[in-house]
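Open the model in your viewer and show it as a cartoon. The stops below can be selected one after another.

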Amino acid sequence: MARSKIDVESIGWNEQIKEDISISGSLTVQGKVLIEAEEKINKKAISFDGTNDVVVASDQDEYSPTNGSTDTAFSISAWVYVGDVSEDNGPFVAKSNNTISVRNEYIFKHSNGEVQFFIYDSTLNANGNQIRAQANAATLSDSTWHHVVATYDGSTNASGIKLYTDASQTSATNNETGTYVRLRNSSTPLTFGATEDAGNANRVFEDRMADVVFFNKELSSAEVTEIYNSGNVMNVRNHSAFANVVSWWKMGDDQDVEGSNGIRDYVSGYHGTLTNGAAIIDQTDIPSDALDSLNTNASGSLGIGIKIPEEALHVYGNTKLEGPLILKERTYDPDNPTEGSSVIWMSNGNGSGDDGDIMIKITAGGATKTVTLVDFSAA
């Protein structure tokens with residue numbers, strides 16, 4: 001029920017009003033206004049059937065952490081849910097295809113709840129000499145969301161691999177099979193939920209996955225704790241190592257859709273595709289931060305956290321800006337605007353335009369055209 005009148009004198013400085021309020025006329029507030037959002041960031045996940053479901057991203061040099069002479073550091077973070085760990089043995093994230101000559105780069109997986117990470121040198125033999133870390137005991141439990149992280153320092157030593165479950169470093173056995181020299185850059189795409197070939201029972205994952213992040217650095221223990229976020233899926237843009245994020249897939253949330261390239265990479269635009277029946281599902285019980293809040297500060301700035309970028313802030317009437325309009329680079333083109341509308345953005349070179357160009361997309365007369373407003377290289 002809406003409150004018809006607010007007794008201003010009876011409201012303490014820190015009192016929260018958690019009911020609907022209807023205001024007729026002007027409202028003047030002296031001081032800071034903070035509206036805390038209750039909507040969660042993550043409400044979806046991707047379901048895998050444990051037979052051949054997989055999300056296929058792409059092959060990018062950034063996903064093959066080597067400079068051609070030695071390895072470079074990287075880390076992988078994911079939220080995973082397994083209904084019965086005693087019956088599952090499969091990859092979270094992999095760059096592997098057991099049907100080609102240079103078969104494997106790496107597989108981050110679990111076997112009956114025991115987290116494992118394998119890094120291969122596939123030029124030395126068909127299966128690849130490897131360095132690896134294998135948990136000494138199960139750290140995943142039935143029907144529970146867990147946060148798993150694999151980190152590698154790029155040293156080419158098995159001791160450079162660390163595993164984490166729910167922010168705690170996982171006790172593991174680290175060793176080398178054969179003679180490992182370095183990881184090889186193959187043409188195999190990065191995949192989630194199975195290797196590219198999904199060739200046998202220990203190369204497919206069953207159940208659910210959310211929020212996968214690929215970093216081009218070895219995350220520290222403190223950075224792993226930060227992204228674990230007390231057991232809540234976080235807005236990765238707020239992470240202290242966000243500058244080292246190569247790719248961030250929200251795995252069903254935000255702008256993700258069914259169809260080709262529907263699983264968006266919200267950093268580099270290296271989108272993935274649901275394949276063989278992998279599907280986006282509602283997952284309202286996954287722990288998650290709330291959306292960013294709406295707030296004002298002393299300088300008069302207004303910040304609004306919106307879950308889905310297409311849900312624009314609608315301003316009816318003239319809009320006056322006394323100050324700069326700041327555009328940040330986008331990693332992919334925005335969707336086509338509706339008839340009679342246009343959208344302006346700054347390109348980073350992955351979509352239309354070159355890095356730094358200001359682009360406009362216009363839909364009129366049933367047609368959509370994309371035009372370069374500012375050619376940065378010529379400016």
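The tour starts with a sheet, moves to one of its strands and ends at a surface patch.

Keep in mind throughout that this is a predicted model.

**The sheet.** Select the 8 strands of the open sheet, whose order is S12-S8-S7-S6-S5-S13-S3-S16, with antiparallel pairing. The edges are strand S12 (172-177) and strand S16 (273-275), each of which pairs on one side only.

**Strand S7.** Now select residues 114-121, which form strand S7. Is this strand enclosed or open? Of its 8 residues, 7 are buried, so the rest of the structure largely encloses S7. As a cut-off, buried here means under 20% relative accessible area. In a regular strand, side chains alternate between the two faces of the sheet.

**S7 and S6.** Add strand S6, residues 104-111, which runs antiparallel to S7 and is joined to it by 6 bridges. Two pairs are worth labelling: His110 stands opposite Val115 in S7, and Ile107 has Phe118 in S7 as its bridge partner. Then go to the hairpin of S6 and S7, where 2 residues lie between the strands. Asn112 takes a positive phi near 55 degrees there.

**S7 and S8.** Next, select residues 129-135, strand S8, which pairs with S7 in the antiparallel sense over 6 bridges. To see one such pair, label Gln116 and its bridge partner in S8, Gln134.

**The surface patch.** Finally, switch to a surface view and select Glu329, Asp354, Asp355 and Asp375, which gather in a patch of negative charge. Asp354 can be found in the loop between strand S21 (341-347) and strand S22 (358-364).

Terms used:
Residues numbered from 1 in each chain as written. Predicted model: local features only at pLDDT ≥ 70, side-chain atom pairs only at ≥ 80, totals over all residues. Heavy atoms only, no water. Patch = residues over 30% accessible without salt bridge, like charges linked within 9 Å, V, L, I, M, F, W, Y side chains within 5 Å. Areas by Shrake-Rupley, 256 points an atom, 1.4 Å probe, with all protein chains shown as cover. Salt bridge = Lys/Arg side-chain N within 4 Å of Asp/Glu carboxyl O. Lys, Arg positive; Asp, Glu negative; His and termini not counted. Charge placed at Lys NZ, Arg CZ, Asp CG, Glu CD. Helix = DSSP H or I, 4+ residues; strand = E, 2+ residues; numbered from the N terminus. Buried < 20%, exposed > 50% of the residue type's maximum accessible area, 1.4 Å probe, protein only. Pairing = 2+ DSSP bridges.
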